[in-house]
Amino acid sequence: MRLSELAAQLGAVLVLPAGRDDASAIDIKGVGAVSNALERELVFAESEAALVGAQDSRAGAIVTSDKLASKGSRKPMLVVSHPKLAFA
C-alpha cells in the first residue's frame, strides 16, 4: 500500500522530509521492529530515543506523535495521536 493511502486509512498526517516529495509514493509492504526493519516497512516511535532509532533504521517510514514529529525527520512520518495504537 502506498504511504499516502496508508495515511488516509489511518487518519494520519503524512509529513515528508524536505526535498522528498516523491516519498508519498513509497510502497509499504509491512511493519517491522526498528532493529531489523526493511526499506518497505513501517516502524513506530513513541519516545525521542525510539525516534532516533527509527531514523537510523532501514525503515521506509515512521509512525509517530505530533510532539515527536515537530523535531523533524529524514524519513517520511505518519503523524497520529497514538502511534502504538495506529501501528497495531
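**Exercise 1. Find which residues E41 touches, leaving out residues up to four places away in sequence, and describe its surroundings.**

Solution. The model is a predicted one. Beyond the residues up to four places away in sequence, E41 touches I28, G30, V31, G32, N36, A59, G60 and A61. Next, place the residue: E41 belongs to strand β3, which covers residues 41-44. Then look for a partner of opposite charge. E41 is buried and has no salt bridge. The nearest side chain of opposite charge is that of R58, 8.5 Å away. A salt bridge requires a side-chain nitrogen of Lys or Arg within 4 Å of a carboxyl oxygen of Asp or Glu, so a distance of 8.5 Å does not qualify. Last, check the backbone: the side chain of E41 reaches the backbone nitrogen of L38 at 2.9 Å.

**Exercise 2. State how many salt bridges a search of the whole structure finds, and describe each pair.**

Solution. The search finds three salt bridges. Take them in turn.

- D27 pairs with K29, and their closest N and O atoms are 2.9 Å apart. D27 is partly exposed, with a relative accessible area of 25%, whereas K29 is exposed at 65%.
- E39 pairs with R58 at 2.9 Å, N to O. This pair links distant parts of the chain, 19 residues apart: E39 is in the loop between β2 (30-31) and β3, and R58 is in the loop between α2 (48-56) and β4 (61-64). E39 is partly exposed, at 43% relative accessibility, and R58 is partly exposed with a relative accessible area of 48%.
- R74 pairs with D56 at 3.0 Å, N to O. R74 sits in the loop between α3 (66-69) and β5 (77-79) while D56 sits in helix α2, so the salt bridge ties together parts 18 residues apart in sequence. D56 is exposed, with a relative accessible area of 57%.

**Exercise 3. Work out the order of the strands in the sheet, and explain why one side of β1 and of β2 has no neighbour there.**

Solution. Start with the order: the five strands form an open sheet, β1-β5-β4-β3-β2, with mixed pairing. Now consider the ends. β1 (13-15) and β2 are at the edges and each has a single partner strand, so one side of each is left without a neighbour in the sheet. Move inward to β3 and β4: these strands run parallel and are joined by three bridges. Within this pair, F44 stands opposite V63 in β4. Finally, add the helix that packs on the sheet. Helix α1 (residues 3-10) touches β1, β3, β4 and β5. The direction of α1 makes about 10° with that of β5.

**Exercise 4. Decide for T64 and for S35 whether each is buried or exposed, and say where each lies.**

Solution. Begin with T64, which is in strand β4. Buried means under 20% relative accessible area, and T64 has 0%, so T64 is buried. Leaving out residues up to four places away in sequence, T64 touches A45, A69, M77, L78, V79, V80 and P83.

Turn to S35, in the loop between β2 and β3. Exposed means over 50%, and S35 has 72% relative accessibility, so S35 is exposed. As a last step, locate S35 relative to S73: the two are 38 residues apart in sequence and 18 Å apart in space, C-alpha to C-alpha.

Methods:
Residues numbered from 1 in each chain as written. Predicted model: local features only at pLDDT ≥ 70, side-chain atom pairs only at ≥ 80, totals over all residues. Heavy atoms only, no water. Helix = DSSP H or I, 4+ residues; strand = E, 2+ residues; numbered from the N terminus. Buried < 20%, exposed > 50% of the residue type's maximum accessible area, 1.4 Å probe, protein only. Lys, Arg positive; Asp, Glu negative; His and termini not counted. Polar contact = N/O pair within 3.5 Å; in protein donor to acceptor, adjacent residues only side chain to side chain. Contact = heavy atoms within 4.5 Å. Pairing = 2+ DSSP bridges. Axes fitted to C-alpha atoms, helices over the stretch in contact; angles between N-to-C directions.
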